[in-house]
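This report describes how the parts of a structure meet and how they are built. Please keep the sequence and the 3D view open while reading.

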Amino acid sequence: MRAILSPKGIIGGALVTVFALVAILAPYAIPANQATRINILARLHPPSAAHWLGTDQLGRELVWRVLLGAHTSLVIAVSAVVLSILIGLPIGVLAGYYRGWTDHALMRLVETLLSFPALLLALTISAVLGPSERNTILAIGIAFSPYLARIVRAETLRVIALPFIEAARSQGASDSRIVRLHVLPNIMAPLTVQATISVAFAILAEAGLSFLGLGTQPPTPSWGLMIQASRDYLDIAPWTALVPGVAIAVTVLGLNMLGDVLRDALDPTMAVEG
Amino acid sequence: MSYLARRLALFVITLLLITVVTFLITLVLPGDVATMILGTRSDPATLAALREKLGLNQALIVQYGHWMGRALSGDLGVSLIFKEPIALLLGQKIAASTLLVVMSLIFALAAAVPLGVWSAVHRDRWQDTVGSGIALAGISLPDFFWGIVLILFVARWLDWLPASGYASPVENLPLALKYALLPSITLALSLMAHLTRMTRSAMLEVLGQDFVRVCRAKGLAWGAVIFRHALRNAVMPVLTVAGLQLGYLFGSIIVVESLFNFTGMGWLTYQALLNRDMPLVQATVLVIAAVVMMTNLVIDIVYTVLDPRVRLS
Amino acid sequence: MKRREFLQTSGLLMGGLAVGGLPGPAAAEDAPRRGGTLIWGHSETTQNLDIHQTGTASTLRLLQNVHDTIVTVDHSFKVLPNVAESFDVSQDLLTYTFRLRPGVKFHTGAAVTSADVVYSFERVKDPKTGAVNFDVFKDVAGIEAPDPGTVIVKMKQPFAPFLARLAELGAGAILPKDSGDIQGKAPVGCGPFKFVSREFGNKVELTGFADYWQGAPYLDGVLSHEVTEETVRLTGLQTGQFHLINDIPMDRVAKVKQDPKLQVLSWFPLCWDFLNFNHAKKPFDDPRVRKALDLMVDKDALMQGALWGQGVVTGSPSFPTSASYDANIKPRKQDFEAAAALLKEAGFGPGQLQFTFKVTTNYPYHVQAAQIMQAWFEQGGVKATTQQLTWADWLSQCWVHRDFEVTMMNFFTLWEPDFLYYTLWNSTGAFNYRNIKDSTIDDLTEKARRSTDPAGRAAIYKQVQQRIQDETHDVILWFRNGTVGARQNVGGLDRLVHPNGSNLMFRNVWLKA
């Protein structure tokens, strides 16, 4: 608990809270068409009293777009991480719990996926299913699942080596009962830590995919899309890149700080980095 | 040595699996290179003729078999859209990307090791906050955004370096280095952040060990203890992480190379994918995956040699 | 962009239509000077260099300088002799006789003979070549070479566009006999520059050909650097890294024009763009729905918004300097009430019509245009969802499989009217990816194709355009400007652009001291 109340924990927690509040409230607080209202006569205006954070290449207000972009980021990142857990958790637990051939086969698959350029996967999903928010979630969720599986497997191995598992076995508990009652609760802490950090990475991944045109579709406000559009106007309108860039950096920084602190607090066994 | 033999066998199996997965991906990817060549000049008759010529009418499994057979005998074929021998393209682009990756690795280590040591030695004081803060910021910036910021400040406003481009390291090394500078700094940032965190924690662990206390008790100067004894022990895990991150770097180059117009492996892979040039997709993905796994393998082997305990476990 | 600048840009557009080209301030013509290598910042990556197998505008832009065609065209698309010093066409359009100009040489030093022409034509005609212009020769019965200086082409049936299509590089370029296998990597022809080398994705080197039949080019050579990022290309021009770049970023043209170190050449059309509906998908088979959507689009504002004023709104897709261009066809004005009434008639109240709008990221200004139109559609009570597709996905989904509701596309250099109207709007047309089935257009385009009277053909094509407009088969949007930026020491810019509006002819350009 001490770690959570450290300056790092407080700052991280505050940033994440602000992000979450903005992300959840923005769609209600900002009229729907504000962020997509086009004004060709006011494009690429620098930040001023009339345009708080400046305008983009179509004269849309960056302030509304960046705030609503938080919503897009949150929805996609959290859903993607949930999906990656849904895929990675069973694989990791199966591999770690049964070991042997199951482990070998599953880990070969995981390793193959890990040495694959993630972009290839994203391009494929986008090409086959069509680019959309839902498919962005799919792409990121699938791409992240092998990492989750690897961590869950390692944690499962650690837990089943503990004496109480042997005790449960000797009392005739079934595999599924042991997994439900003993393994899962004991890997929850590291999983929470990993999930927090994964949300940070998923926000970066969503931005990256949208940057390549494979993620969120215009005119939905998305930080990555905003940076992509800014590329052609960098020298004359740098704010179009800086506004969404700073938004991403601050949010991800907050999540990483919180992740660090949670790791120290919940899971002393995990190294700071690895 | 059976451990190594097993690792090698696994390496080969995973590579095969990668070609199969790549093949499966090409199976489901819509469109083909014939539509890309003809673009909006294609009518069904021309398209059919071109597909016939390129062998795209054969069942995909047959195409894969042909590709695999030739690849095993060392012939990677010719790029369907660019009409250049794939082996030649790979040779040029691997050299370029290796330069980029090695430069980023050097930058990252040069920044991360001192910063990590500094943070660890001053644990929980302001120096640690600054060091860890820099590291945290590093992993929180998307590399494409950081690249844009660099282009903006260093190339546009200060006009110190070319914003983008590429020169062959074989033809003109100074120019090649100049072009590689900004993209490699971009790539180095997140790597630096990871390595700083790694160095810090490895140093903390070593500094807490008995032999360090003994050294201090024997009256050795604190600086000498840190650099001669502690750092030497901490460096191994740091290098391991650096090696593992090489693979990550080869994945990031796709975006960064495109951003800087640096025509290396990442750029080539992206072009191959965008153009549905399947032989080239197979070849580039295979090379990238092989590099990733090879670094892991080398690290494992080095570990085995240095640390006999690994062989037992 | 400030409002004043915005108005300036729009002012600059006026008056370009008649000439079809606006030479930059390079009017002070110094005498051409020989020597020097021109460094060109090229906007795209060149692909397969085989002139028969490549269809991309970027590669053709380069190869224009390596190859030469049997006939050529002037700015009004009149067919002129070129490598053939004369040609005869029989009254029934069934026999074409070309007499080759003596003394034309290939880069290899060999003279161009009828055997080379036969080889080149046969190679395009052969399906095994996979030639992009395969269709040009589909009515050809035989190609003969009675003597080394004469080529005779016999047709199975009249194909009016045949001769004009031979002015295109992909169909009419003359390659040395049996050189097909090396063309993809090291193209060789009889054009003004010899190909030296290519470092893939990076640069291409050309050197002047001293024995070129129209005389050696002024330049010793051309070095093309492939720089796809547009702002980077512009920076390279501004800092002097390049002598010349094509495609100045559209939002920056006005600013570059004010730079005393630079000159700007802008012309139109580089290409033209249109909005498409899939006629095989309900409710886009209903002309009322298509017209309603057309009525929601303010074409002038859209052009300003997506092209930053670098274009000219048009209702006719014919090349503006060609006989079939019809200036009387006016784009519909924006009118939301009329649109709502039409939609209501077609059975759609406000908010009831929804569709997906597919655009390709290959043309970033299409993505901008789609967002602007989407806002108008929303204002008109229609919900459009955008999908950005990579070029491969767009081609596969929209072009080949015709799986879309609404999309937009552009075309370069379709100046030959049969190629334009038959392929795009005839129900059997090869490029009719919108599934348009209109018997009136089918009859007209078929009639024009077999017609031997050029004036009559132009009149027919004007009827076709009117029909397209009346039925709103597609919404023709604009001609987009092409731009070239150059340092002040580049001379001869006004003759750089090929009549087709896309290719660049470096033999007309020189470097001042």
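## Where chain C meets chain A

In this predicted model, 21 residues of chain C are in contact with 19 residues of chain A. Several elements of chain C give two or more residues each to this side: helices α1, α7 (230-238), α10 (299-307) and α12 (364-379), together with strand β15 (382-389). The largest share comes from α12(C), with six residues.

Sorted by class, the side of chain C that touches chain A holds seven nonpolar, 10 polar and four charged residues.

## Where chain B meets chain A

The contact between chain B and chain A takes 37 residues from chain B and 33 residues from chain A. On the chain B side, the elements that give two or more residues are α1, α6 (126-140), α7 (143-157), α8 (173-207), α10 (222-259), α11 (265-274) and α12 (278-306) of chain B.

Which classes of residue make up the side of chain B that touches chain A? There are 28 nonpolar residues, seven polar residues and two charged residues.

## The two domains of chain B

Chain B is divided into domain 1, residues 2-72, and domain 2, residues 86-306. Taken over C-alpha atoms, the centres of domain 1 of chain B and domain 2 of chain B are separated by 32 Å.

The domains also touch: 16 residues of domain 1 of chain B are in contact with 16 residues of domain 2 of chain B. On the domain 1 side, α1 (2-28) and α2 (33-38) of chain B each supply at least two residues. The largest share of that side comes from α1(B), which gives 10 residues. By class, the side of domain 1 of chain B that touches domain 2 of chain B has nine nonpolar, five polar and two charged residues. Helix α1 of chain B therefore appears in two places in this report, since it is listed both on the side that touches chain A and on the side of domain 1 that touches domain 2.

## The two domains of chain C

Chain C is also divided into two domains. Domain 1 of chain C is written in three pieces, 3-24, 31-190 and 489-511, while domain 2 of chain C covers 269-481. Their centres, taken over C-alpha atoms, are separated by 29 Å.

How many residues of domain 1 of chain C are in contact with domain 2 of chain C? There are 21 of them, and they meet 22 residues of domain 2 of chain C. Helices α1 and α4 (162-165) of chain C each supply at least two residues of the domain 1 side, and α1(C) gives the most, with three residues. The side of domain 1 of chain C that touches domain 2 of chain C divides into 10 nonpolar, nine polar and two charged residues.

## A sheet in chain C

Four strands of chain C form an open sheet in the order β4-β5-β7-β6, with antiparallel pairing. Strands β4 and β6 (140-147) of chain C are the edge strands, each pairing on one side only. From one strand to the next the twist averages 15°. Helix α3 (residues 114-125) of chain C packs on the sheet and touches β5, β6 and β7 (150-155) of chain C. The direction of α3(C) makes about 165° with that of β6(C).

Strands β4 (residues 84-89) and β5 (residues 95-100) of chain C pair in the antiparallel sense over five bridges. In this pairing, C:Ser86 stands opposite C:Arg99 in β5(C). The hairpin of β4(C) and β5(C) has five residues between the strands, and in this hairpin C:Leu93 takes a positive phi near 60°.

## Confidence in the model

The model scores ipTM 0.87 and pTM 0.89. Chain C has a mean pLDDT of 91, with 94% of its residues at 70 or more. Chain B averages 83, and 96% of the residues score at least 70. Among the elements of chain B, helix α13 (residues 309-312) has the lowest mean pLDDT, 49, and helix α5 (residues 86-121) the highest, 91.

Among the elements of chain C, helix α9 (residues 287-296) has the highest mean pLDDT, 98, and helix α1 (residues 3-13) the lowest, 33. Over residues 1-28 of chain C, pLDDT stays under 50, and for these residues the model has 40 contacts beyond four places in sequence. Where pLDDT is low, the predicted coordinates should not be read in detail.

How values were computed:
Residues are numbered from 1 along each chain as its sequence is written. Chains are lettered from A and ligands numbered from 1 in the order in which they are written. This is a predicted model: local features need pLDDT of at least 70, side-chain atom pairs count only at pLDDT 80 or more; totals for chains, interfaces and linings use all residues. Domain bounds come from an automatic or database domain assignment. Two residues are in contact if their C-beta atoms, placed from the backbone, lie within 7 Å. Ala, Val, Leu, Ile, Met, Phe, Trp, Tyr, Cys and Pro count as nonpolar, Asp, Glu, Lys and Arg as charged, and the others, Gly among them, as polar. pLDDT is the predictor's confidence in each residue, from 0 to 100. Two strands pair if DSSP finds at least two bridges between them. Axes are lines fitted to C-alpha atoms, for helices over the stretch in contact, and angles run from 0 to 180 degrees between N-to-C directions.
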